[in-house]
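This report goes through one protein chain, from selected residues to the overall fold. The sequence and coordinates come first.

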Amino acid sequence: METVAQMRCFGGMQGVHTHRSKVCGCDMTFGLFLPEEAETGPVPLLWYLSGLTCTHENAMTKAGAQGWAAEHGIALVFPDTSPRGADVADDDAFDLGQGAGFYVDATREPWAPHFAMWSYLTEELPRLLLNAFPLDEERQAITGHSMGGHGALIVAMRNPERFRSVSAFAPIAEPTRSEWGRKQFAAYLGEDEAAWQAHDATALMRDRGFPGPVLIDQGTDDQFLDRLRPEALAHAMAERRQEGAFRLQRGYDHSYFFMASLMAEHVAFHAEALWR
């Protein structure tokens, strides 16, 4: 692992690091904010998964999360959204290929050699982080936006022993029935729709739910509501009587202004679970 940059931030340290990923077969970059408390011992970790077209940098610089994390003594990790490089498959469309990994392990060509974001996020990157930094393995939570909200929800529900809480900003809530999902799952996983269900937050909520608290925020003026399908996840949460809240926020769209406006509440939500 190589440290690309380190900047003092809210009393802690914002770092940017690269490493060679075995599962993705390329160099990967992530951002990691460590609060001041990490200088004396392990701290809880909040994962932030970003949306389509984003790198590790977007949320790191736009979401305004570090100040709130510092207030609660929590670390923040900002992974990339896909493998990258000249030898990595790509597509001219913004919603497929580099920047659009959808947090799955691709099984179809030309994506399979590098697009292993599920294994990267659930196996390889956690091992690297826990071995290299003062992080408390028993105190982890996860959040994300849009495609990253989809990722946060499926990672949490399929790994409930690892995460104490999960939240999402405007998640792609039912990708198996959305243009943002069907296109990518067909390309990465093939045409067998049964294989898609393990990556659908609404289907997972109906089937298993999450043993901890869940917080979802969705803007009412989001320009992508038809692709996000928030009502499907809201119904599934109600049917399952899932602990948590699904909130419609009047007037907000899909941008980072939405996330920055509500970030303090999300970090506080996770801090309550992490320090319990």
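## Gln 14 and the first hairpin

With a relative accessibility of 4%, Gln 14 counts as buried. The model is a predicted one. Gln 14 sits in strand β2, which covers residues 12-21. A polar atom of the Gln 14 side chain lies 3.4 Å from the backbone oxygen of Leu 32. Leu 32 is also one of the residues in contact with Gln 14 once neighbours within four places in sequence are set aside; the others are Ala 5, Gln 6, Met 7, Cys 9, Gly 31, Phe 33, Met 60, Gln 66 and Phe 78.

Strand β1 (residues 2-9) runs antiparallel to β2, and seven bridges join the two. Within this pairing, Arg 8 has Met 13 of β2 as its bridge partner. The two strands form a hairpin with two residues between them. Phe 10, in the turn, has a positive phi of about 50°.

## Backbone exceptions

Most residues other than glycine have a negative phi, and most peptide bonds are trans. Besides Phe 10 in the hairpin turn, two loop residues have a positive phi, as listed here.

| Residue | Phi | Loop | Relative accessibility |
|---|---|---|---|
| Ser 146 | near 60° | between β6 (135-144) and α4 (147-158) | 4%, buried |
| Arg 229 | near 55° | between α7 (225-228) and α8 (230-240) | 18%, buried |

Arg 229 counts as buried because its 18% relative accessibility is under the 20% cut-off. A cis peptide bond, with omega near 0°, leads from Glu 109 to Pro 110. Pro 110 belongs to the loop between β5 (75-79) and α3 (117-132).

## Phe 169

Which strand holds Phe 169? Phe 169 is in β7, which spans residues 166-169. At 0% relative accessibility, Phe 169 counts as buried. Leaving aside neighbours within four places in sequence, the contacts of Phe 169 include Thr 143, Gly 144, His 145 and Ser 146. Ser 146 is the loop residue with phi near 60°. Phe 169 is also in contact with Phe 258, Met 259, Leu 262, Met 263 and His 266, and with Tyr 48 and Asp 217. Between the C-alpha atoms of Phe 169 and His 150, which are 19 residues apart along the chain, the separation is 9.3 Å.

## The nonpolar core

The largest nonpolar core has 89 residues. Its members that touch the most other members are Phe 30, Trp 47, Leu 129, Ile 142, Leu 153 and Tyr 188. Helix α9 (residues 256-274) gives the most to this core, with eight residues.

Tyr 188 can be followed further. With neighbours within four places in sequence left aside, Tyr 188 is in contact with Leu 96, Gly 97, Ala 100, Gly 101, Phe 102, Val 104, Ala 106, Thr 107, Arg 108, Trp 111 and Phe 115. Of these contacts, Trp 111 and Phe 115 fall in the loop between β5 (75-79) and α3 (117-132).

## Cysteines

How many disulfides does the model contain? The count comes to zero. Cys 24 is in no disulfide, and the nearest cysteine sulfur to that of Cys 24 belongs to Cys 26, 5.3 Å away. For Cys 26, likewise in no disulfide, the nearest cysteine sulfur is that of Cys 24, at 5.3 Å. The pair is not counted because a disulfide needs sulfur atoms within 2.5 Å. Cys 24 counts as buried at 0% relative accessibility, and Cys 26 is buried with a relative accessible area of 4%.

## Overall fold

The protein has nine helices and nine strands. Its radius of gyration is 17 Å, close to the 19 Å that the globule rule gives for 276 residues, so the protein is as compact as a globular protein of that length. The C-alpha trace spans about 50 × 45 × 35 Å along its principal axes.

Of the 276 residues, 60% count as buried. Among contacts in the protein with a separation of 6 or more, 73% are between residues 24 or more positions apart.

Conventions. Residues are numbered from 1 along each chain as its sequence is written. This is a predicted model: local features need pLDDT of at least 70, side-chain atom pairs count only at pLDDT 80 or more; totals for chains, interfaces and linings use all residues. Side-chain values use heavy atoms; hydrogens and water are left out. Buried means under 20% relative accessible area, exposed over 50%, partly exposed in between (1.4 Å probe, protein chains only). A nonpolar core is a set of buried Ala, Val, Leu, Ile, Met, Phe, Trp, Tyr and Cys residues joined through side-chain atoms within 4.5 Å. Contact means heavy atoms within 4.5 Å. A polar contact is a pair of N or O atoms within 3.5 Å; within protein, one must be able to donate a hydrogen and the other to accept it, and residues adjacent in sequence count only if both atoms are side-chain atoms. Two strands pair if DSSP finds at least two bridges between them. The radius of gyration is taken over C-alpha atoms; the globule rule is 2.2 Å times the number of residues to the power 0.38.
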